[in-house]
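Here is a friendly walk through one structure, a stop at a time. Have a look at it first, and then we'll pick out some places worth finding.

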Amino acid sequence: MKTIDKIPTNKIQRASKLMTTGAKVGGNYLKYYSKKLVNPQHSKDELNESNAEDIYDSLKNLKGSALKVAQMLSMEKNIMPKAYVEKFSLAQFQVPPISAPLVRKTFKNYFGDTPENIYDSFNAESVAAASIGQVHKATKDGKNLAVKIQYPGIAESISSDLAMVKPVAMKMFNIKGKDSDKYFQEVEGKLLEETNYIFEVVQSKEITQACSKIPNLRFPKYYEELSNERIITMDWMEGQHLSEFVETNLNPEYSNKVGQTLWDFYMFQMHQLKRVHADPHPGNFMVDSDANLIAIDFGCVKTVPEEFYAPYFELAQPENINNPRVFSEKMYALEILKKEDTPEETRFFSELFHEMLSLFTKPFHSETFDFSDEEFFGKIAELSNKYSKDTELRKMNGNRGSKHFLYINRTFFGLYNLMNDLGAEVQINNYKKYV
């Protein structure tokens, strides 16, 4: 794969790149409508494919928060057109890496030496490249190591990138109101945490130690003396990425084993630690030859405050969802309903979230759940499609819910998708054995 010698880092360079992409997307729409005039039945698939290609080609060279957003969107399988999901999913671990000279320059800046002098051996060609950093293989003192290197200038460009994305996001999600900044501040704060590799090593060690009692779950060891704010050194872990395992595995027992481990890992974090790995995409997990799950990245960890945790999970219980008084109380606690809402808004959002929660919390309504249930995921797709086309919803202020919904919902949607990919049937409360 072709390498990159320089990443645009200042606001003008990055804005210019996005404007050029916007012009290409505009041209794609002109082509689409021209063909539509000739053939009213002309499919939108070609437009989606062209736009996804052009947008991804731009973002993969910008890297950073712009590409991270694309990676997050690739997990929205029931909302995004297929062309975008397929193209943006490449952001998980298949983007053009930075060149060997730029890698050496990064080491010189943060270690004062070259990687070849720091490690016994260092492969200058990266083995994986994603939105914020890339991974190289190295050895030292007889150990095989994975070295994660952050792209230069990424941390400094986060605020300006989000400022450019904000107007588009507000229109896309129909966000209005003076308190909308809380959502963007939440995203900015998490992205800044992801670029602080010293912080990542600390929270990686804390969570892996706490979760070490869960069987069939493995983690790399982290080496603080070979890590700093832009470079992390950890054990090299042998295995397949979760997406590769899903494609090649023919043993349903292995699927259930990996699925149960993944589910227990998340439920233990959520309910016991009140801190959770909030980036559940296939590039962050591996599976070894014995079907043990390996978690390899803790850059994005969300702390769950009690004032959000309690009402959120109380609404996972049917008796609360179906009790109008309790349901309304929790809707206000979670900032979905507001005191200033009109009767029309109160009715609309109460009905919308009652329908959504009755479906999305279904896995918690029994002791076991089969995530290969196509009817369940089909209903999620239908519901997503229904509200994406709802004209009444477009009139409402989409600024709904606590800021904590952003990463907690992302966590559960991502987890559900991974469990569905595995086709696993699991015991929902099995994690309690390890509390």
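Are Phe369 and Phe376 buried or exposed? Both turn out to be buried. Keep in mind as you browse that this is a predicted model.

## Aromatic pairs

Let's begin with the rings. There are 28 aromatic pairs in the structure. Take Phe219 and Phe298: their ring centres lie 6.0 Å apart and the planes meet at 55 degrees, so this pair counts as tilted. It ties together distant parts of the chain, with the two positions 79 residues apart. Phe219 belongs to the loop between strand S5 (217-218) and strand S6 (231-235), while Phe298 is in the loop between strand S10 (293-295) and strand S11 (301-303). Phe219 is buried because its relative accessibility of 17% falls under the 20% limit. Phe298 is buried too, at 0%.

Now back to Phe369 and Phe376. Their ring centres are 5.1 Å apart, and with the planes at 75 degrees the pair is edge-to-face.

## Charges over rings

Two lysines are worth a look here. Lys148 has its charged end over the ring of Tyr197, 5.0 Å from the ring's centre. Lys274 does the like with Tyr309, where the distance from the charged end to the ring centre is 4.3 Å.

## The nonpolar cores

In soluble globular proteins, nonpolar side chains tend to be buried together. Here, the largest nonpolar core has 87 residues. Which residues have the most contacts inside it? They are Phe107, Tyr119, Leu262, Trp263, Phe265 and Phe285.

Try zooming in on Tyr119. Setting aside residues up to four places away in sequence, Tyr119 touches Phe107, Ala138, Thr139, Leu145, Val147, Leu226, Ile231 and Thr233. There's also a second core, separate from the big one, made of seven residues. Among them are Ile158, Leu162, Leu191 and Ala278.

## A buried lysine

The last stop is Lys330, which you'll find in helix H14 (residues 324-333). Why does Lys330 count as buried? Because its relative accessible area is 13%, and anything under 20% is called buried.

What does the side chain of Lys330 make a polar contact with? The partner is the side chain of Glu329, at 3.2 Å. If you skip the neighbours within four places in sequence, Lys330 is also in contact with Pro311, Glu314 and Leu315.

Definitions and conventions:
Residues are numbered from 1 along each chain as its sequence is written. This is a predicted model: local features need pLDDT of at least 70, side-chain atom pairs count only at pLDDT 80 or more; totals for chains, interfaces and linings use all residues. Side-chain values use heavy atoms; hydrogens and water are left out. Helices (H or I, at least four residues) and strands (E, at least two) are DSSP runs, numbered from the N terminus. Buried means under 20% relative accessible area, exposed over 50%, partly exposed in between (1.4 Å probe, protein chains only). A polar contact is a pair of N or O atoms within 3.5 Å; within protein, one must be able to donate a hydrogen and the other to accept it, and residues adjacent in sequence count only if both atoms are side-chain atoms. Contact means heavy atoms within 4.5 Å. Rings of Phe, Tyr and Trp (its six-membered ring) pair if their centres lie within 6.5 Å; planes under 30 degrees apart count as stacked, over 60 as edge-to-face and the rest as tilted. A charge sits over a ring if NZ of Lys or CZ of Arg is within 6 Å of the ring centre and within 35 degrees of the ring normal. A nonpolar core is a set of buried Ala, Val, Leu, Ile, Met, Phe, Trp, Tyr and Cys residues joined through side-chain atoms within 4.5 Å.
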